[in-house]
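Reader: I would like a close look at one part of this model. Please start with a single residue and work outwards from there.

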Amino acid sequence: FHELSHQVVYARDDTVFNESFATAVEREGVRRWLAAHGDDRQRAAWAAYSQRREEFLGLLLAHRNRLAEVFRSGASVEEKRAAKAAVFDDLQREYRRLRQERWNGFAGYDRFFERRLTSAHLAAVGAYNDLVPAFEALLAESGGDLPSFYDRVRQLGAMDKPTRTAALRRLSPKLARAR
């Protein structure tokens, strides 16, 4: 579902738009497929996966926001480096706690955390997820009708990037609060 959505709409030089759109289509596609063809075990597995994904993304977003605060601070370069290292150490600790206490040892995100994480890793995850709430809101406004949704996304894709991003931010209260 994800990769096929890039054939429906693709905005040049806007990775966050393209990948967030594809992620929203992926999630909706799986949801609809499971509703039509899945069994209870598959639906339960998807629900568990979705819950872990949201907790994983929440963890990364919280630490990405903490890093942004560090970078905006008036601290010295050395203090910022130390604070950045502390944020990443905390991220690793919080992930291990989440894995053990909430996920019963589920290790599906271990590969992500096995490497030395940087701000770029958090930005990459954001590209695939930051605008998903706006696309989900647009799908809801389209009455769940995919052709109408795709038409509206094509209209957004035709806009210049700042106008498109502003329009998407207005679609989701969650994004408006994150400004």
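Is D13 buried or exposed, and what is its relative accessible area?

Author: D13 is exposed, with a relative accessible area of 59%. Exposed means over 50% relative accessible area, buried means under 20%, and partly exposed lies in between, with a 1.4 Å probe and protein chains only.

A word on the source. This is a predicted model, in which local features need pLDDT of at least 70, side-chain atom pairs count only at pLDDT 80 or more, and totals for chains, interfaces and linings use all residues. Residues are numbered from 1 along each chain as its sequence is written, and side-chain values use heavy atoms, with hydrogens and water left out.

Back to D13. It sits in the loop between α1 and α2. Helices are DSSP runs of H or I, at least four residues, strands are runs of E, at least two, and numbering starts at the N terminus. The backbone of D13 deserves a check: its phi is positive, near 60°, and the residue is not glycine. Most residues other than glycine have a negative phi.

N104 can be set beside D13. Its phi is positive too, near 50°, again in a residue other than glycine. N104 belongs to the loop between α4 and α5. With 73% relative accessibility, N104 also counts as exposed. A positive phi turns up at G143 as well, near 65°. G143 follows α7.

Now step from the D13 loop to the helices on its two sides. On one side is α1, residues 2–8, which holds S5. S5 counts as buried, at 2% relative accessibility. Set aside residues up to four places away in sequence, and S5 touches F21, A22 and V25. Contact means heavy atoms within 4.5 Å. There is a distant partner in sequence, too. Y150 is 145 residues from S5 along the chain, yet the two C-alpha atoms are 9.4 Å apart.

On the other side is α2, residues 15–37. This helix leads to the second largest pocket, since α2, α3 (40–72) and α6 (119–129) each give at least two residues to its lining. A pocket is an open set of points on a 1 Å grid over the protein atoms alone, where a 1.4 Å probe fits, with protein on both sides within 12 Å along at least five of seven lines; lining residues have an atom within 4 Å of a point. The space in the second largest pocket is about 230 Å³, a volume filled by probe spheres set on the points, which are joined across faces, edges and corners.

The lining is made of T23, E26, R27, Y49, R53, F56, L57, Y109, V125, Y128 and N129. α3 gives the largest share, four residues.

Take R53 from that lining. It lies in α3. R53 counts as buried, at 11% relative accessibility. Beyond its neighbours within four places in sequence, R53 contacts R27, W46 and Y109. R27 and Y109 are also among the lining residues.

Next, α6. Its buried residues are L122, V125, G126, A127 and N129. V125 and N129 also appear in the pocket lining. The buried residues of α6 pack against α2, α3, α4 (77–101), α5 (110–114) and α7.

That brings us to α7, residues 132–141. Seven of its ten residues are buried, so α7 is largely enclosed by the rest of the structure. The buried ones are V132, P133, A134, F135, A137, L138 and L139.

Finally, the whole chain. It has ten helices and zero strands. Read along the sequence, the pattern is α-α-α-α-α-α-α-α-α-α. The chain has 179 residues, of which 39% count as buried. Its C-alpha atoms fill a box of roughly 50 × 45 × 25 Å, taken along the principal axes. Among contacts with a separation of 6 or more, 61% join residues 24 or more positions apart. So much for the setting. D13 itself remains an exposed residue in the loop between α1 and α2.
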